[in-house]
Number of protein chains: 2
Amino acid sequence: VIDVPVRLGPRGYRILVGAGVLDRLGPELAALGAGRRVALVADAGLLGLHGPAATKSLEGAGFGVAALEVPAGEEAKRLEVLAGLWEAMLDAGLDRGSTVVALGGGATGDVAGFAAATYMRGIGLVQVPTTLLAQVDASIGGKTAIDLPRGKNLVGAFHQPRLVLTDTALLGTLPERDFRSGLAEVIKHGIVLDAAYFAEVEVLLPALLARDLAALTRVVGGSCRIKAAVVERDAEEAELRAVLNYGHTIGHAIEAVTGFARWTHGEAVALGIAAEARLAERLGVAAPGVAERQEAVLRAAGLPVRGTAAPAEAVVEALGRDKKARDGRLPFVLAPEIGRFRLVSDVPRAAVLETLRALA
Amino acid sequence: VIDVPVRLGPRGYRILVGAGVLDRLGPELAALGAGRRVALVADAGLLGLHGPAATKSLEGAGFGVAALEVPAGEEAKRLEVLAGLWEAMLDAGLDRGSTVVALGGGATGDVAGFAAATYMRGIGLVQVPTTLLAQVDASIGGKTAIDLPRGKNLVGAFHQPRLVLTDTALLGTLPERDFRSGLAEVIKHGIVLDAAYFAEVEVLLPALLARDLAALTRVVGGSCRIKAAVVERDAEEAELRAVLNYGHTIGHAIEAVTGFARWTHGEAVALGIAAEARLAERLGVAAPGVAERQEAVLRAAGLPVRGTAAPAEAVVEALGRDKKARDGRLPFVLAPEIGRFRLVSDVPRAAVLETLRALA
């Protein structure tokens, strides 16, 4: 088990990464002094698969558990689902000392986390991420949100969990496409923050694709360390945390233009990484060859790097609506080389447009 | 102008108290480096009364202002109103650097503050409280919330404002009943935290009731200092901040039992103070006479201290549903003497019941 501390003073917490750590849910939560009531939030499939083990661990440590079902995937992040969670938490008798356990992927963590952030102005939260994407990204750092009809993640809160239990054995049942999508974030961490980690991922990629538990625990643990270090230095995303948006600026715009249907989030991020890598070369920020190394590992992971299925003009227009745009300016995070990043504001519209056209 | 700092590190801010400080809205916000877009949230009446002055000050400092109307009073705190604010903020082009200005009483500040706390995971907030209650209490400390069908303030967030502009001249148009209700919080601050302030309020009460601006600025400024000191020591209401719930534990229960219709919040707090003062004497926490001095100033302020219009049994039952109850235990804040408080947990149900019956 890899134990990754997230040092945020009174809001700090631990990420426990390993095969089988779900069994520690009850004892670890008890050790934190949490109140007796727990809401276990998950979709129907995961409640069936892992609900009994989670409940057994919690009840064994003396907790009373209410299982609250949410829709699978992004459908969970509707306002109506959030309102339903609030009502169900009242029904279950949750008070200010109670805890929400979010068992699932990023969407479940987002809505359950936002419910925990707002119920009685904030109660305890434990993230138990079940997808690779959530394990290396969404479960760490306290970002929670729901969607509005006009866009994703438009309302939410920063609410740090009290504990993250990252059980790599849960990845065994993850569908192949979702698993590969999660690798996009793993690769992203290496590109902008850690060249040695990137090289390790290049080497371990075959073992990861075979879901080897030792390789998974090592790589997921490494990604958690990288993300935790960023979060520690910038808990509320003032500046540094923007580095984690590498590949996401264009990736989000591609998702928006394609109606969040054509690509998984990770696939859109892979396309975004490929585009932003080429953009960096076009702007002279990166030397030739840096983009190709990024694309090679994305391709080896089975991720798309060409053919966005989105008109370049529409993607550029969508970029202007990004919530990171301030007073009209849109910052890009680019990688001058593997393991380093640079914030570049005021990238010319035309350069983005030409880059996207070349990748169409 | 009285300048009260609220020292909360990077979340710290100033409260400016004085007649006419609304005119400083634009320049003060500009000095904070806020982005160009501002949403001015108020009910129709206040938008008509003070919207033009607020807008003029903001536009004069270079801000673009969108006026967003919410229902008057508690009706503003419905989920539908919050969702409407989010949509209107998107319409108005608010981004992460933008600011919400809440112009109004506590309910407007609560819903506008919660909208600011959650829009794009949190944007800037300025409180411009227009009621005495909001000026001495709700506008300070970052508590925001909406109501659910099952109860008040059941969901919300802690979101500190970047500035509080407390214009005592705005109190000139406040209806008499609302004004007197605000005095309940002023008196509360004296009872549990500051005997000298309590004595000053006793002396200045006739001038306050005549809405003398110098007396108002002095007393409101004093209350802001008292509340700021509590908030500084306990930003998220872990323990100390519970002191401000004096009179509110029973007051809230009376409001709930009477359907939030019979009494204003301040009147219910006055009844709660009277009850909790008598409870303290019954329990031997306070000496005889301490309750009478509290009741005398409440009466002089035109506030009720007898006749809750709520059956004692129902009030006691409602106490068990208070969100400050944890695992069934309900703490009371009591005043052993004027200017001091004590947290008492596990107060016998029967003592509360008998106290309420005696005050019926």
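**Briefing: strand S1, copy symmetry and the cavity in chain B**

In strand S1 (residues 2-6) of chain A the side chains alternate, with Ile2(A), Val4(A) and Val6(A) buried on one face, while Asp3(A) and Pro5(A) point to the other face and are not buried. The model is a predicted one. The points below cover the S1 hairpin, the relation of the two chains, the cavity and some single residues.

**The S1 hairpin in chain A**

- S1(A) runs antiparallel to strand S2 (residues 13-18) of chain A, and five bridges join the two.
- One residue of the buried face of S1(A), Val6(A), stands opposite Tyr13(A) in S2(A).
- S1(A) and S2(A) make up a hairpin, with six residues between the strands.
- Within the turn, Gly9(A) has a positive phi of about 60 degrees.

**Relation of chains A and B**

- A turn of 180 degrees with a shift of 0.0 Å along the axis lays chain B on chain A, at an RMSD of 0.0 Å.
- The two copies are therefore related as by a two-fold rotation axis.
- In chain B, Ala157(B) has the C-alpha nearest the axis, at 4.3 Å from it.
- Both copies use the same surface, since 100% of the contact residues of chain B recur in chain A.

**The cavity**

- Rolling a probe the size of a water molecule over the atoms shows where empty space is left.
- One cavity of 30 Å³ or more is present in the structure.
- The largest cavity holds about 50 Å³ of space.
- Four elements of chain B each supply at least two residues of its lining: strand S5 (99-104), helix H4 (106-118), strand S6 (124-129) and helix H5 (132-138).
- The lining of the largest cavity includes Gly104(B), Gly105(B), Gly106(B), Thr108(B), Pro129(B) and Ala134(B).
- By class, this lining has five nonpolar and seven polar residues, and no charged ones.

**Gln127(B), a lining residue**

- Gln127(B) is among the residues that line the largest cavity, and its place is in strand S6 of chain B.
- With a relative accessible area of 6%, below the 20% cut-off, Gln127(B) is buried.
- Beyond its neighbours within four places in sequence, Gln127(B) is in contact with Ala102(B), Gly109(B) and Ser139(B), which also belong to the cavity lining.
- Its other contacts on that count are Pro161(B), Leu163(B), Val164(B) and Leu165(B).
- Between the C-alpha atoms of Gln127(B) and Arg282(B), which are 155 residues apart along the chain, the separation is 40 Å.

**Positive phi outside glycine**

- Most residues other than glycine have a negative phi.
- Asn153(A), in strand S8 (residues 151-158) of chain A, has a positive phi, near 55 degrees.
- Asn153(A) counts as buried because its relative accessibility is 14%, under the 20% limit.
- Ala309(A), which is not a glycine either, has a positive phi of about 65 degrees.
- The loop between helix H11 (290-300) and helix H12 (312-319) of chain A holds Ala309(A).

**Ala253(A) in helix H9**

- Ala253(A) is found in helix H9 (residues 248-257) of chain A.
- At 3% relative accessibility, Ala253(A) counts as buried.
- Setting aside residues up to four places away in sequence, Ala253(A) touches Val315(A), Ala318(A) and Leu319(A).
- The C-alpha atoms of Ala253(A) and Ser57(A) are separated by 41 Å, and the two residues are 196 residues apart along the chain.

Key: Residues are numbered from 1 along each chain as its sequence is written. Chains are lettered from A and ligands numbered from 1 in the order in which they are written. This is a predicted model: local features need pLDDT of at least 70, side-chain atom pairs count only at pLDDT 80 or more; totals for chains, interfaces and linings use all residues. Side-chain values use heavy atoms; hydrogens and water are left out. On a 1 Å grid over the protein atoms alone, a cavity is a set of points where a 1.4 Å probe fits but cannot get out, and a pocket is an open set with protein on both sides within 12 Å along at least five of seven lines; lining residues have an atom within 4 Å of a point. Grid points are joined across faces, edges and corners, and a volume is the space filled by probe spheres set on the points. Ala, Val, Leu, Ile, Met, Phe, Trp, Tyr, Cys and Pro count as nonpolar, Asp, Glu, Lys and Arg as charged, and the others, Gly among them, as polar. Buried means under 20% relative accessible area, exposed over 50%, partly exposed in between (1.4 Å probe, protein chains only). Two strands pair if DSSP finds at least two bridges between them. Copies are superposed by least squares on the C-alpha atoms of residues with pLDDT of at least 70 in both. Contact means heavy atoms within 4.5 Å.
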